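Visitor: Could you take me through this model by way of burial, salt bridges and strand pairing, with the cut-offs stated as we go?

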Amino acid sequence: MTIKINDDLVVSGVLSAANILFGALAINPRANESTAIEVKTNHAEVAPEPTVLLTAHSAYPWTRVQEVGYRFSSQSGFTAFIYRTDETETILHWVSWQGFAG
């Protein structure tokens, strides 16, 4: 069932949807090289490949943290990576969503 809303939508409390997952992880990067970590998810197997959005919690974006991204996205997880100029542990926040097949 689809409901179209042509107005502002205000959600109080917790927003929950089966096709949206989110989380945070700590990564210990190697200086001046891409460092990867595997993230496990449990999206529905019948839906298309999830899209992932990542951001680093850093006081020095684009100076010490130069790149954050993902690759190899599937229903069971993705690989998050960071390129940082030093070896400071960094928190990555992520959200993953997928459309429905059909």
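Guide: Buried means under 20% relative accessible area, exposed means over 50%, and partly exposed lies in between, with a 1.4 Å probe and protein chains only. This is a predicted model, in which local features need pLDDT of at least 70 and side-chain atom pairs count only at pLDDT 80 or more, while totals for chains, interfaces and linings use all residues. Residues are numbered from 1 along each chain as its sequence is written, and side-chain values use heavy atoms, with hydrogens and water left out.

Visitor: Are arginine 84 and aspartate 86 buried or exposed?

Guide: The two residues are joined by a salt bridge whose closest N and O atoms are 2.4 Å apart; the term requires a side-chain nitrogen of Lys or Arg within 4 Å of a carboxyl oxygen of Asp or Glu. As for their accessibility, both arginine 84 and aspartate 86 are buried.

Visitor: Which residue forms a salt bridge with glutamate 33?

Guide: The structure holds 2 salt bridges. Glutamate 33 counts as partly exposed because its relative accessibility is 38%, and its partner also counts as partly exposed, because the value there is 39%. The closest N and O atoms of this pair are 2.7 Å apart, and the partner is arginine 30.

Visitor: Which strand gives the most to the largest nonpolar core?

Guide: A nonpolar core is a set of buried Ala, Val, Leu, Ile, Met, Phe, Trp, Tyr and Cys residues joined through side-chain atoms within 4.5 Å. The largest one has 11 residues, among them Leu25, Val52, Phe78, Ile82 and Trp94. At least two residues each come from β1, β3 (51-57), β5 (77-84) and β6 (90-97), strands here being DSSP runs of E with at least two residues, numbered from the N terminus. With 3 residues, the strand that gives the most to this core is β5.

Visitor: How many residues of β5 are buried?

Guide: Two strands pair if DSSP finds at least two bridges between them; β5 runs antiparallel to β2 (residues 33-40), to which 8 bridges join it, and it also pairs with β4 (residues 65-74) in the antiparallel sense over 7 bridges. β5 is mostly covered, and the number of its 8 residues that are buried is 7.

Visitor: Which residue of β5 stands opposite valine 68?

Guide: β4 and β5 form a hairpin with 2 residues between them. Threonine 35 stands opposite isoleucine 82, and the residue opposite valine 68 is likewise isoleucine 82.

Note on methods
Helices (H or I, at least four residues) and strands (E, at least two) are DSSP runs, numbered from the N terminus.
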